[in-house]
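Visitor: Got a minute to walk me through this one? I'd like to poke at it bit by bit.

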Amino acid sequence: MLTWKEVINFSVKGNPTPDKRVEKTEAEWRNILTPEQFRITRQKGTERPHSGALCAIHEAGKYNCVCCNTPLFGSSIKFESGTGWPSFTQPIKPNAIKYERDTAYGMVRVEVMCNTCDAHLGHVFPDGPEPSGLRYCINSESMILEIETDIK
């Protein structure tokens, strides 16, 4: 389980190695993403609070990167933070997420990105529920939900 101290260390000393890398040109990203997905994931935008389609969804599944389909978060660690964005306590794997110090808008935060393709996802904060105390505050437009199906 990742801790705030480990998140800060990643943002300062370097990130874990991803399982794979996906790199595309700006034109290729524009071709596969909607304008809003491109603005958020490739230009570090954000969606308005409470506007994202994934805020109120609680179906079992995996939340994957909209750009490269890498699994980022599992539904079992999603929680209602009241912030207006989907919130999670941990990534699906420690190397799924990339961390960078963000000093935009006069604040000091930790930006989170897909470690496979560098898509901007949102930010992580140390005010989440136990046991990790982390709150990954993620834009709905940066993810797709892969719903688990029970095949018997």
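Guide: Sure. Let's start with a strand pair: Met 113 stands opposite His 120 in β7. Keep in mind that this is a predicted model.

Visitor: OK, and how many bridges pair β6 and β7, and in which sense?

Guide: Four bridges, in the antiparallel sense. The two strands form a hairpin with five residues between them, and Asp 118 in that turn has a positive phi of about 70 degrees.

Visitor: What does β6 pair with over six bridges?

Guide: That's β5, again antiparallel. One facing pair there is Asp 102 with Arg 109 of β6. β5 and β6 also make a hairpin, this one with six residues in between. Tyr 105 sits in the turn with a positive phi of about 60 degrees.

Visitor: Which residues of β6 point which way?

Guide: Arg 109, Glu 111 and Met 113 go one way, while Val 110, Val 112 and Cys 114 go the other. In a regular strand, side chains alternate between the two faces of the sheet.

Visitor: How many of the six β6 residues are buried?

Guide: Six of the six, so the strand is mostly covered, with buried meaning under 20% relative accessible area.

Visitor: Switching to pockets. What's the volume of the largest one?

Guide: About 320 Å³. Its lining has 17 residues, and those nearest the centre are Gly 45, Thr 46, Arg 109, His 120 and His 123. So two names from our strand pairs come back here: Arg 109 and His 120.

Visitor: Which elements give two or more residues to that lining?

Guide: β6, β7 and β8 (135-138). The largest share is from β7, with four residues.

Visitor: And the lining by class, how many of each?

Guide: Seven nonpolar, six polar and four charged.

Visitor: Now helix α3. Which of its residues are buried?

Guide: Helix α3 covers residues 35-43, and its buried ones are Gln 37, Phe 38, Ile 40 and Thr 41. Among what covers them are α2 (26-32) and β7 (120-125). Just past the helix, Lys 44 has a positive phi of about 60 degrees.

Visitor: What about loops? Is Thr 89 buried or exposed?

Guide: Buried: its relative accessible area is 13%, and the cut-off is under 20%, so Thr 89 qualifies. Thr 89 lies in the loop between β4 (87-88) and β5 (97-102).

Visitor: What is Thr 89 in contact with, beyond its neighbours within four places in sequence?

Guide: Ile 77, Phe 79, Pro 129, Ser 132, Leu 134 and Tyr 136.

Visitor: And Val 22, why does that count as buried?

Guide: Because its relative accessibility is 19%, and buried means under 20%. Val 22 is in the loop between α1 (4-13) and α2. Not counting residues up to four places away in sequence, Val 22 touches Trp 29, Cys 68, Thr 116 and Cys 117.

Visitor: How far apart are Val 22 and Thr 89?

Guide: They're 67 residues apart in sequence and 25 Å apart in space, C-alpha to C-alpha.

Visitor: Last one: what's the strand order in the three-stranded open sheet?

Guide: β2-β1-β9, with antiparallel pairing. β2 (71-74) and β9 (143-147) are the edge strands, each pairing on one side only. On average, neighbouring strands of this sheet are turned by 30 degrees against each other, direction ignored.

Visitor: How many bridges join β1 to β2?

Guide: Three, with β1 spanning residues 61-65. One partnership there is Asn 64 with Pro 71 in β2.

How values were computed
Residues numbered from 1 in each chain as written. Predicted model: local features only at pLDDT ≥ 70, side-chain atom pairs only at ≥ 80, totals over all residues. Heavy atoms only, no water. Buried < 20%, exposed > 50% of the residue type's maximum accessible area, 1.4 Å probe, protein only. Contact = heavy atoms within 4.5 Å. Pairing = 2+ DSSP bridges. Axes fitted to C-alpha atoms, helices over the stretch in contact; angles between N-to-C directions. 1 Å grid on protein atoms, 1.4 Å probe; cavity = no way out; pocket = protein on both sides within 12 Å on 5 of 7 lines; lining within 4 Å. Points joined across faces, edges and corners; volume = space filled by probe spheres on them. Nonpolar A, V, L, I, M, F, W, Y, C, P; charged D, E, K, R; others polar.
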